[in-house]
Amino acid sequence: MIIDIHGHYTTAPAQVGAWRDQQIAFTKGEGDAPDPAALTVSDDDIRESIEKNQLRLMNERGSDLTVFSPRASFMAHHIGDLEVSETWARMCNDLVARVSSLFPDRFMMGAMLPQSPGEDPKTTVAEITRAVEELGAVTVNINPDPSAGRWTSPAITDRSWYPIYEKLVEYELPAMIHVSSTCMPQVMHTTGDHYLGADTTAFMQLIRGGDTLFKDFPDLKLIIPHGGGAIPYHWGRFRGLAMALGKPELEEYLLDNVYVDTCVYHQPGIDLLTDVIPTKNILFASEMIGAVRDIDPRTGHYFDDTKKYVDATTNLSDSQRQAVFEGNARDVYPRLDRALKARGL
């Protein structure tokens with residue numbers, strides 16, 4: 001089985017974006033807050049948006065199941081206040097839950113959190129509970145920078161985040177550390193400089209405080225997406241910085257809890273990732289119909305067809321490749337594994 005742990009609903013029906021535009025206008029004092037009940041998305045709308053897009057590519061590329069969450073760049077936690085974020089998160093989570101319900105053998109939902117700059121992270125706990133108990137979430141996305149590039153929140157190792165981690169451990173949920181859009185003019189490309197820079201920043205926060213965090217939460221599982229940002233390329237620098245900070249070797253205090261995915265869009269990148277990072281810490285992912293949607297003229301294949309790179313690398317044995325494609329995801333996502341076993345998979 002090929003399990004893609006990183007998919008977003010980037011192809012949601014147009015009326016979803018139109019509703020969000022009204023909500024954003026409201027936050028600027030332009031009109032009333034739109035009623036969530038005013039957004040009408042039929043099952044046929046959802047089927048069309050998925051069958052022509054993600055599902056078609058999954059079938060063409062040979063992946064079986066996608067962990068599917070709301071569009072990351074649309075989380076935009078910096079827009080409006082906590083009430084705005086709570087409303088938007090509920091609506092987005094309900095939509096991806098409907099995708100999972102309509103295509104139960106192909107998608108399992110991940111939830112976004114109703115984060116808001118300056119608000120206590122514990123305000124998100126109620127939505128985690130709802131997403132798991134009512135919607136069937138198998139993971140959540142945590143934005144380490146809800147201020148959208150200003151980085152005003154404490155590091156993700158700070159104790160203020162602990163109410164979230166307590167709930168994640170209780171529910172056996174891994175979390176993907178995934179930023180959203182940016183409002184900073186110096187870092188304006190959301191999926192380029194902001195995403196990849198944030199991945200690296202989050203990992204550096206874990207280097208500085210992960211020894212305490214994972215001592216307090218030994219069962220917490222965190223995924224750094226997009227190949228971990230600079231992690232594989234600068235592993236030596238990170239090891240050296242950890243030593244300078246008086247930390248243990250990274251393998252001793254991070255690699256039982258921190259994972260990276262394969263959203264790396266060329267063969268040399270996957271080769272480096274699989275050479276530097278232990279196989280047990282690599283999860284297959286593509287984030288297809290995401291940041292990079294074109295065909296690479298040098299290969300004739302889509303940049304985000306990451307299965308081809310994992311298949312082609314000589315750094316993995318057959319058993320290691322299967323771990324990347326399936327086994328590691330089952331280990332890191334216990335709820336996903338139990339759901340698959342309940343279906344005889």
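**Notes on the predicted model**

1. Let's start inside. Setting aside residues within four places of it in sequence, Ile46 is in contact with Tyr9, Val41, Leu95, Arg98, Val99 and Leu102. This is a predicted model, so read the contacts in that light. Ile46 has its place in helix α2, residues 43-51. Is Ile46 buried or exposed? Its relative accessible area is 0%, so Ile46 counts as buried. As for Pro334, that residue is 288 residues from Ile46 in sequence and 27 Å away in space, C-alpha to C-alpha.

2. Now the sheet. Eight strands form an open sheet with parallel pairing, in the order β1-β2-β3-β4-β5-β6-β7-β8. At the edges are β1 (3-9) and β8 (282-283), each of which pairs on one side only.

3. Have a look at β7, residues 258-261, which pairs with β8 in the parallel sense over two bridges. Val260 stands opposite Ile282 of β8, and Asp261 has Leu283 as its bridge partner there. With β6 (residues 222-224), β7 pairs in the parallel sense over three bridges; here Leu222 stands opposite Val258. The connection from β7 to β8 involves helix α11 (residues 267-276), and the three elements make a right-handed β-α-β unit.

4. Which way do the β7 side chains point? Val258 and Val260 point one way, Tyr259 and Asp261 the other, and all are buried. That fits the usual pattern, because side chains in a regular strand alternate between the two faces of the sheet.

5. On to the aromatics, where the count comes to 10 pairs. Trp19 and Trp88 are a stacked pair, because their ring centres are 6.2 Å apart and their planes are at 5°. Trp19 is in helix α1 (residues 14-27) and Trp88 in helix α5 (residues 82-102), so this pair ties together parts that are 69 residues apart in sequence. Both Trp19 and Trp88 are buried. Phe103 and Phe107, by contrast, make an edge-to-face pair, with 6.1 Å from centre to centre and 70° between the planes. Phe103 and Phe107 are both buried as well. Ring pairs also link Tyr9, Phe68, Phe103 and Phe107 into a cluster. Tyr9 came up earlier, as one of the contacts of Ile46.

6. One charge-over-ring case is worth a glance: the charged end of Arg71 sits over the ring of Phe74, 4.2 Å from the ring centre.

7. Last, the salt bridges, of which the structure holds 18. Lys52 forms one with Glu48, and the closest N and O atoms are 2.9 Å apart. Lys52 counts as exposed at 52% relative accessibility, while Glu48 is partly exposed at 43%. In helix α7 (residues 162-171), Glu170 and Lys167 lie three residues apart, about one turn of the helix, and their side chains meet in a salt bridge at 3.1 Å, N to O. Glu170 is exposed, with a relative accessible area of 51%, but Lys167 is buried at 16%.

8. Which parts of the chain does the Lys247 and Asp211 pair link? Lys247 is in the loop between α9 (235-244) and α10 (250-253), and Asp211 is in helix α8 (residues 190-216), 36 residues apart. Their side chains meet in a salt bridge at 3.1 Å, N to O. Lys247 is buried at 19% relative accessible area, and Asp211 is partly exposed at 27%. Elsewhere, salt bridges with shared partners join Glu326, Arg330, Asp337 and Lys341 into one network.

Methods: Residues numbered from 1 in each chain as written. Predicted model: local features only at pLDDT ≥ 70, side-chain atom pairs only at ≥ 80, totals over all residues. Heavy atoms only, no water. Pairing = 2+ DSSP bridges. Helix = DSSP H or I, 4+ residues; strand = E, 2+ residues; numbered from the N terminus. Buried < 20%, exposed > 50% of the residue type's maximum accessible area, 1.4 Å probe, protein only. Contact = heavy atoms within 4.5 Å. Right-handed = clockwise from strand over helix to strand, strands pointing away. Phe/Tyr/Trp six-rings, centres within 6.5 Å; stacked < 30°, edge-to-face > 60°. Lys NZ or Arg CZ within 6 Å of the ring centre and 35° of its normal. Salt bridge = Lys/Arg side-chain N within 4 Å of Asp/Glu carboxyl O.
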